[in-house]
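Open the model in your viewer and keep the selection panel at hand. The stops below go from salt bridges to two helices.

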Amino acid sequence: MNQDKHWQSVGEAAGDPAVEQLKKNEFQEKLPFDAGVLTEEGGNVNASRRDFLKMFGFSVSAATLAASCEIPVRKAIPYVIKPEEVTPGKALHYASTFSDGSDYCSVLVKTREGRPIKIEVNDKSGANGTNARVQASVLNLYDAERLRGAKAMGEDISWEEVDKKIGADFKAVVESGQEIVILTATILSPSTRNIFADFQAKYPTVKVVTYDAVSYSGMLEANEACFGVRNLSQYDFSKAKTIVGFAADFLGTWPTGEENTQAYMTMRRPTAKNPKMSRHIHFEAGMSLTGSNADLRATMKPSQEGMAIMNLYNNLAVLAGVEQIPNVPKIEFAGNSLGVASKELWENKGESLVLSGSNDTNIQIVVNGINNLLGNYGNSIMVAESAHRQGSDKAVNELIDSINSGNVGALFINNVNPSYSLPNADKFNEAVKKVGLTVSFNERMDETTSMVKYACPDHNYLEAWNDASPVKGQYSITQPTIQPIFKTRPMQESLLKWSDAEVTNYYEYIQNYWQANVFTKQSAESNFQNFWDKAVHDGVMRVEDEIESREFSANIVEIASNVKLSNGDGLELLLYEKMGMGDGRYSNNPFLQELPDPITRATWDNYACVSPKYASEVLGINIKTEADIREKDVIKISANGYSIELPVLIQPGQANNTIAIALGYGRTHAGRAGNGVGQNAYPFLSMINGTWQRYATGVKVEKTGKKYKLALIQTQYMLDGDLPDRTVLKDMSLAAYKKNPSGAVEKIKKYTESDHFVAIYDKPDYRGNGHHWAMAVDLNACTGCSACVVACNVENNVPVVGKEEVARAHEMHWIRIDRYYKGDVMDSDSIESAYQPMMCQHCDNAPCENVCPVAATNHSSEGLNQMAYNRCIGTRYCANNCPYKVRRFNWFDYMGADSFYIYNNDTDKTDTYTELGRMVLNPDVTVRSRGVIEKCSFCVQRIQEGKLNAKKENRKLADGDIKTACMQVCSANAIVFGDLNDPKSEVSKLYKNERTYNVLEEMHTLPSVGYMAKVRNKKENA
């Protein structure tokens, strides 16, 4: 295959004929009408749609379909006394905070008639967007499998009774002098930390142990050793000209991924006047979101990371004239990438960053030493100012030992699930049985809660008061946006009651804390009530917090001697988080289960990622028969005394002789959507130097002879890019861009300027119609994170269909993120990646509109391709005629009788979209019924709302008044929406950019979505 040509799958790159057939097929699966068409002998006949309509009559079939699509009437009860702040039909927004111990974001919660329906970023926080998990969190509120009240030994119990029982047990533990342990996720709430401190002051035997399922202990302890404070540092990518990462997914799954993305992209937008970009070099084993966005990427086995980082330190030590680390074997990677990184880092001292995803304390200390050599602290790095991820692997292991020694009398578990996610969960589970008083505050009967004596479920964050301080000087408020749906209670209130505190109401406690500790740090407001009201209204505020100056202090040469050296021999196992599933705490959220992984494009499973070379040479898999639609070989993977069976997914860019498996799967007590999905990979984690490492060596693999169907979507909607001069995704090097900024799109511009395009309709002219809505997508900014996919699902009531339906090419997402590769499929170091959001292009010469027999799809006077759902009879001619493959057909009544079918196995269907779950639906968007087509509407409901607001305020609609869901959620500002008729609008300016082109514009569809070609900072071409 041409090395400069993009491809989407291993099967396509290897020439699998099944992929070529996919491009030619209108749909992957024929309509199942053959089941109802009988021969005279009574058997089935394999009938096409055309034959079906001939035999039964078009009008009869259409009438039957329409009748089957009727939605049952649900009567509404009006307000007897309408709340003053509620106007039916008008949304209210409340500033709040999402903080779950893993992710943090200051948010705006959109409510309709008292129910939260959408989460947006709080602009006052300075952030641009959120991640997929924050977007999907609104559905967690309406999860019918949350605990509905307190339980004792699995039986329902009133809060009064549970308080009495726990109070008596707690008193006995206090009198015994045994330890009282609070095992908790990372707490960003300063008031909650103060409650813990009060608890410890009153009961000296209380210990607080922080546990993170995905541990950052190595980084925390390295900062403590180097700077004397056990916190994460803050990285400012906007000040870094050279970035070098070692297995560090800082744009993806790191705690501050959205903040990092926002800053990172400020240095990644070259213009003809200022053609400058930061340079990103990345070393990793598996293809991560961050690695896939790098300018230069080299494969590195997990065990080689320590040696690679020490080699980088020695290279810089020579340039700095300081002592090198002795006895470090030389190592280099493809393209002399380590040497290139050393040179470019030194050229940009003080304006660079070196990051590692290792959880080894010694390796992280060497990384700190490198950044110190480069003078990055105080410039591109703020030392240890972040409160994210406070977990301690050492403390958790000591807790287990302490329990087994009989020292622990009470264990309170808050927002963690060690019975599932601890690598030595069996040891923990046995220990818990020995504790007299065990209480869980978790929201559901998960693996850990099912083992304890008392379950005292906490509120969902949308029902609760709380606060947070993620970094020094920044505070935010969480406020309830709905009355508690179930009989739950704040964890903090439970502790206050059981400790007989003076103040037992948590809201009152927060106010008292803020008055004493936050109000006094600001001078803008002298009245506390005014200060508090503003804090609640804005949701976030900054105060002057004293920041200590810290100097680097560590003997790198001495510490580096503790780093485990490896030449990378043998098969190794890499464990990672997915963008949607994370550590697995939201396994019961169907939005996240059905979110395609940005890299593999798989849903509803984890799997064993291997390189094409390993698959071919070791596993004996013929990569020429690896189309996504085919079943995958299953292998048995064994390491650290644990084994699981998983299907093989061939991953371009994967380091050879490595296997990558996603964490967060294999739950047994998640709920009906998450139970039994994938396999649990946490037991594979390895304990090295006192911390859990996310890799394993000494791995063994056996072929099982079994096959398994994965729900992969990358090749379900392939755009035919094989015609001459047709390239769907345009890219170029920075050197080429400097020479000719429009070089990547010149061929397309020649096409569009040709005279041979003749249409049967006049070209539409929107200049006199007020607005011409359009969108611009910067491929240089899109990281592929897929937050926009979930945001669109929530905003537009896009249904979840389940694994089996996704595998049949019936997934319903209105926006998809097409992932493209370039390079030799067998050479992992040559692979380059790019992402292209693809939604309805709202073509001005739309091919879908001409073929609809009932005019269900039509064009508005403002350039929108519209859908009239009650006209649609489901012929799917429009989907057949759409070259962008962005129209979706409702095979079932996904929001009604067939709602949210979640396939736990081949035969079991479970309806998890209950009446409670329907509360998440947006009333401004029509819920589509069975048998109709749907697709992106450019969030037309938001367009109408924006126009109405401007009209009520007696002003013109301003640029930025209307933001589509995908635009509003994007941390990278990759998507811009606006009015092309306004020459001052941002979208108009971007349309005139020299990088902008239209996908398949040579077909003369006249799309209203412009794409800006991707630019790669490849120095070798400069």
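A residue is called buried here when its relative accessible area is under 20%, exposed when over 50%, and partly exposed in between. The model is a predicted one.

**Glu-862 and Lys-947.** Select Glu-862 first: its relative accessibility is 13%, so it counts as buried. Now add Lys-947, which at 24% is partly exposed. The side chains of these two residues form a salt bridge, with an N to O distance of 3.0 Å. Lys-947 belongs to helix H29 (residues 940-952), while Glu-862 sits in the loop between strand S35 (857-859) and strand S36 (865-867), so the bridge ties together parts 85 residues apart in sequence.

Next, select Asp-731, Lys-822, Glu-832, Arg-1016 and Lys-1018, which are joined into one network by salt bridges that share partners.

**Helix H29.** Return to H29 and show the whole helix. Its 13 residues reach 18 Å from first C-alpha to last, close to the 18 Å expected at 1.5 Å a residue. Which residues of H29 are buried? They are Gln-941, Arg-942, Ile-943, Gly-946 and Ala-950. Show what these buried residues pack against: strand S3 (115-121), strand S32 (773-778), helix H25 (787-795), helix H30 (965-969) and strand S41 (975-979). Just after the helix, pick Asn-954, where phi is positive, at about 55°.

**Glu-344 and Arg-279.** Select this pair next; their side chains meet in a salt bridge at 2.9 Å, N to O. The two residues are 65 apart and link distant parts of the chain, with Glu-344 in helix H12 (residues 337-347) and Arg-279 in strand S10 (residues 279-284). Are the partners buried or exposed? Glu-344 is buried, at 6% relative accessibility, and Arg-279 is buried as well, at 3%.

For another salt bridge, select Arg-230 and Glu-221, whose side chains meet at 3.7 Å, N to O. In the whole structure, a search finds 43 salt bridges.

**Helix H18.** Finish at residues 506-517, which form H18. Its 12 residues reach 16 Å from first C-alpha to last, close to the 16 Å expected at 1.5 Å a residue. Begin at the N-terminal end, where Asn-505 acts as the cap: one of its side-chain oxygens lies 3.1 Å from the backbone nitrogen of Tyr-507. Then colour Tyr-506, Tyr-509, Ile-510, Gln-511, Tyr-513 and Trp-514, which are buried. Among the elements covering them are helix H7 (190-202), strand S17 (466-468), strand S18 (474-478), helix H17 (491-498), helix H19 (528-538) and strand S19 (540-542).

Conventions. Residues numbered from 1 in each chain as written. Predicted model: local features only at pLDDT ≥ 70, side-chain atom pairs only at ≥ 80, totals over all residues. Heavy atoms only, no water. Salt bridge = Lys/Arg side-chain N within 4 Å of Asp/Glu carboxyl O. Helix = DSSP H or I, 4+ residues; strand = E, 2+ residues; numbered from the N terminus. Buried < 20%, exposed > 50% of the residue type's maximum accessible area, 1.4 Å probe, protein only. Expected span 1.5 Å × (residues − 1). Contact = heavy atoms within 4.5 Å. Polar contact = N/O pair within 3.5 Å; in protein donor to acceptor, adjacent residues only side chain to side chain.
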